[in-house]
Amino acid sequence: MLKLTKCLKKSMNQVREHTMYFNGLQDVTNACIGKRHSKMVDAAVLEKLESGFKKLEESNSKSLLKKYLTRELFDKLKNLKTPTFGSTLLDVIQSGLENHDSGVGIYAPDAESYTVFADLFDPIIEDYHGGFKKTDKHPAKDWGDVDSLGNLDPAGEFIISTRVRCGRSMEGYPFNPCLTEAQYKEMEEKVSSTLSGLSGELKGTYYPLTGMTKETQQKLIDDHFLFKEGDRFLQAANACRFWPTGRGIYHNDNKTFLVWCNEEDHLRIISMQMGGDLGQVYRRLVTAVNDIEKRIPFSHNDRLGFLTFCPTNLGTTVRASVHIKVPKLAANKAKLEEVAGKFNLQVRGTRGEHTEAEGGVYDISNKRRMGLTEYDAVKEMHDGIAELIKIEKEL
């Protein structure tokens, strides 16, 4: 009898363990808005795709989505789903369908999207990143000689501030649209505990958005650190779910090093300061990324480099930028764009994408992030800005 009881007890435990295991699997399976119960794409999703595609076709959109999504390609991709999370073509292109003023118009809801919807991603990646073809392979990470970059504007005449940032995704997690609320919390815990271990110049404080006091919020807004919910491009891509759960901001005591947790990417690691000392800003970023990488494994692909939510941020994911005042060149926008194009630079308004230049101040950054090393991406920006300053002085 005792033996039978022990046997029953063991069987019950096994049943309980199996139930927990399958429940866990089900949680993961249902993670991305309950879309993966079938291999078929829902009729409602297909209907939305058809009507959205028709409006895009009739629009004056200049997006890369419109440029490359032909009717033939649309018909080829509209019934596909990614294997793990069941992401559809709608998840990939819905931001561009809703916002015809998008520059690009697509996002990757999970890492598998880059493979399943490669026929759409590859030409957009090639166009945006200056010829990175589908047969190309992104080079291995290389920060180069960090001491070879210096101050672009020692006299402080033109450059107001300098910033270098990179995006990272945590291995084992999908991107924003497929994350559960529990995963957001789990990731934030990993990030905040990792950052609390930083020392020296990088030592600082993590501020979770959840339960943030009005005073802290105002302080972060005043420092231009706080990111807000409400970016319509991200919202349309389903990247703002469970807001503000799992989101937060870390900055060091000097306010020259910053990490955003779960805004657009899992991590945005940012080094910045007033003035034009690109070398100092770059060295700080490299130290920080190397330190964080020892504690958090990042999502990386042999061909595409570091994987992120937006295809413009693949590869090195590095964006080096300056806020620069060039009034003479600003009066000749065609010349400014011509020089920027020559060095693969992107010219944006003072507050970034989709904004105007305030008081003639532009945000200028490297555009290419793939097919070149981290150092080369920053050097491209360095050389382009040096040329712009030279021309501004001559005008």
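The following dialogue examines how several descriptions of this predicted model are justified.

Trainee: What is the secondary structure of the protein, and what share of its 395 residues count as buried?

Mentor: The predicted model has 14 helices and ten strands. Of the 395 residues, 52% count as buried. Among contacts with a separation of 6 or more, 74% are between residues 24 or more positions apart.

Trainee: Why is the pair K78 and E50 called a salt bridge?

Mentor: The side chains of K78 and E50 approach to 3.0 Å, N to O. The cut-off is 4 Å between a side-chain nitrogen of Lys or Arg and a carboxyl oxygen of Asp or Glu. The value of 3.0 Å lies within 4 Å, and therefore the pair qualifies.

Trainee: What makes this a link between distant parts of the chain?

Mentor: K78 lies in the loop between α4 (71–77) and α5 (89–98), whereas E50 belongs to helix α2 (residues 43–58), and the two are 28 residues apart. The pair is also part of a network of salt bridges that links E50, R71, D75 and K78.

Trainee: Why is K78 called buried, and why is E50 called partly exposed?

Mentor: Buried means under 20% relative accessible area, and exposed means over 50%. K78 has 17% relative accessibility, so K78 counts as buried. E50 has a relative accessible area of 28%, which falls between the two limits, so E50 is partly exposed.

Trainee: How do you know that E293 and K141 form a salt bridge, and where are they in the chain?

Mentor: Their closest N and O atoms are 2.6 Å apart, which is within the 4 Å limit. E293 is in helix α11 (residues 278–293), K141 is in the loop between α7 (118–128) and β1 (159–168), and 152 residues separate them. At 24% for E293 and 35% for K141, both count as partly exposed.

Trainee: Does the pair R295 and D291 consist of buried or partly exposed residues, and what makes it a salt bridge?

Mentor: The closest N and O atoms of R295 and D291 are 2.9 Å apart, so the 4 Å criterion is met. R295, with a relative accessible area of 38%, is partly exposed, while D291, at 17%, is buried. By this rule the count for the protein comes to 22 salt bridges.

Trainee: Which residues touch the most other members of the largest nonpolar core?

Mentor: In this core of 55 residues, they are V164, F257, I269, I324, I364 and I385. Helix α11 gives the largest share, eight residues. Leaving aside residues up to four places away in sequence, I385 touches L152, I159, V322, I324, L345 and I364. A second, separate core has 40 residues, including Y128, F233, A239 and C310.

Trainee: Why is strand β5 described as largely enclosed by the rest of the structure?

Mentor: Strand β5 (residues 267–274) has eight residues, and seven of them are buried, so the description is justified.

Trainee: How do you know that β5 pairs with β1 and with β4?

Mentor: Pairing requires at least two bridges. Eight bridges join β1 to β5 in the antiparallel sense, and V164 stands opposite S271 in β5. Five bridges join β4 (residues 257–261) to β5, again antiparallel, and L258 has I270 of β5 as its bridge partner. Both counts satisfy the requirement, so both pairs qualify. β4 and β5 form a hairpin with five residues between them, and N262 in the turn has a positive phi of about 60 degrees.

How values were computed
Residues numbered from 1 in each chain as written. Predicted model: local features only at pLDDT ≥ 70, side-chain atom pairs only at ≥ 80, totals over all residues. Heavy atoms only, no water. Helix = DSSP H or I, 4+ residues; strand = E, 2+ residues; numbered from the N terminus. Buried < 20%, exposed > 50% of the residue type's maximum accessible area, 1.4 Å probe, protein only. Contact = heavy atoms within 4.5 Å. Core = buried A, V, L, I, M, F, W, Y, C linked by side-chain atoms within 4.5 Å.
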